[in-house]
Amino acid sequence: MEKTRKWRWGTKRWIVLGFIILSVIGVNLIKPVQPHIQVAPETITETLFTLPVIGDFKITNTMVAMLLGDIVIIIIAFLVKRGVNKDTLAPKGIAGAFEMLVDSLYNMTESTAGKYAKKVFPWFATIMIIVLFANLIKLLPGFETIGFLHHAEHGYQVQALDGNWYTVINEKAEGEGYIVTPFARALSTDLNFTAALALIAVLMTQVIGVQAQGFRYFGKFLNFSTMFKKPLLGFMDFIVGLLETISELAKVLSFAFRLFGNMFAGMVLMALVGVMVPIFVPSMIMMFELFIGVIQAFVFGLLTMVFMAQATQGHGAEEEHA
Amino acid sequence: MSGDIVLAAKFIGAGLAMIGAAGAGVGIGLSVQGALEGMARNPDTYGNLFTNMILGIAFSEAIAIYCLVIAFLMLFVL
């Protein structure tokens, strides 16, 4: 017979209650300020050097987040390597966790891409892991809140803290005030990053398609094969091929804007809710952000994998199955 | 005066742009409904259906995200 657990006052709920009370006190001491929201990432340095065609090179705050994410990924890679090199059959700790992740991803790739799984899998896993870390690292405290002060027309007044640090208080300054330019901002809220990943994914889809089918792959886009045998339907096939070309280009747009839109919406939601209901509700929003970040990383990787798997199968192969 | 009208038009435009999210909501609901019905009838197909369901959700969600990006453009960029 199972022993029924008696309901008791645990300790963890007291910790949560303590944090809620702390946040009430903190919010009353320093009123939250609605941050300045802009789509383009803020630059945090002066022009470092100028390239001839591309233009000025400045470090933006999303680049800082990218460096942080890269460092975390490299550290994890070394830890996993050390864990796998030991002579145990089942690696423990972080190596075991990553073995489980990679194993399940590889099984998923194999069930979709078949014999091309070895070619498709590195792109799938790489894109998914880097987007995952880019999305998760923004949940660290201090992101999007600590930064340089800048003059702005509709700014706020500042109050001196210790040393060279200031806090922005919730009072509109007459004339010129200050706004905060954060040191680090979530990487996926930068359209450059998402567009670059989308271009890589779609370009490599074409490359894998050519590797799998040779130049027959382009027959999908410029379809002349049936044009002279059946004039009317063949012409329809040609139009369908043109539509395929357009949908290939639209993939870049939808990849880039899906990730960017989701993460930027999360940032705006966090900023607005943090001002309107600063107690307890932002934690729920943070949990939702964690969920959205993981789902979006999975979706980006999964779509890349499915498109690549589709590119390896020509029209002829499909007809054989049907 | 003209600045106020432009500001109001921005907000109205951003609100109108988000109407498109209704269609995406219906689409996501329908795809999840179909997948769940399939899973309930035949639980063995769970893995296959789940992957395809996520794909369908991602495609319909993209439409809502386009609306959201347009709304953001109106609010923060223009």
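A residue counts as exposed if 12 or fewer other C-beta atoms lie within 10 Å of its own, with C-beta atoms placed from the backbone. In this predicted model, that cut-off is what places A:Phe280 among the exposed residues, because A:Phe280 has 12 other C-beta atoms within 10 Å. The points below take up this residue, then a pair of helices in chain A, the contact between chains A and B, and the form of chain B.

**A:Phe280 and its loop**
- A:Phe280 sits in the loop between α6 and α7 of chain A, and the two helices that border this loop span residues 231-276 and 281-312 respectively.
- The backbone of A:Phe280 has a positive phi of about 70°, although this residue is not a glycine.
- For comparison, most residues other than glycine have a negative phi.

**Helices α4 and α5 of chain A**
- Helix α4 (residues 117-136) of chain A and helix α5 (residues 191-213) of chain A have axes that come within 11 Å and cross at roughly 175°.
- Because angles over 145 degrees count as roughly antiparallel, α4(A) is described as roughly antiparallel to α5(A).
- On the α4(A) side the contact involves A:Lys119, A:Val120, A:Trp123 and A:Ile127, which meet A:Leu197, A:Ala201, A:Met204 and A:Ile208 of α5(A).
- Sorted by class, this contact of α4(A) with α5(A) has seven nonpolar residues, no polar residues and one charged residue.

**Where chain A touches chain B**
- The contact between the chains draws 14 residues from chain A and 13 residues from chain B.
- On the side of chain A that touches chain B, the elements giving two or more residues are α6 (231-276) and α7 (281-312) of chain A, and the largest share, seven residues, comes from α6(A).
- The residues on this side of chain A divide into nine nonpolar, four polar and one charged.

**The form of chain B**
- Chain B contains three helices and zero strands, and along the sequence these elements follow the pattern α-α-α.
- Chain B is more spread out than a compact globule, because its radius of gyration is 18 Å, well over the 12 Å that the globule rule gives for 78 residues.
- Taken along the principal axes, the C-alpha atoms of chain B fill a box of roughly 65 × 15 × 10 Å.
- Of the 78 residues in chain B, 13% are buried.
- Among contacts in chain B between residues at least 6 apart in sequence, 77% join residues that are at least 24 apart.

Notes:
Residues numbered from 1 in each chain as written. Chains lettered and ligands numbered in written order. Predicted model: local features only at pLDDT ≥ 70, side-chain atom pairs only at ≥ 80, totals over all residues. Helix = DSSP H or I, 4+ residues; strand = E, 2+ residues; numbered from the N terminus. Rg over C-alpha atoms; globule rule 2.2 N^0.38 Å. Buried ≥ 20, exposed ≤ 12 C-beta atoms within 10 Å, placed from the backbone. Contact = placed C-beta atoms within 7 Å. Axes fitted to C-alpha atoms, helices over the stretch in contact; angles between N-to-C directions. Parallel < 35°, antiparallel > 145°, perpendicular 65-115°, else oblique. Nonpolar A, V, L, I, M, F, W, Y, C, P; charged D, E, K, R; others polar.
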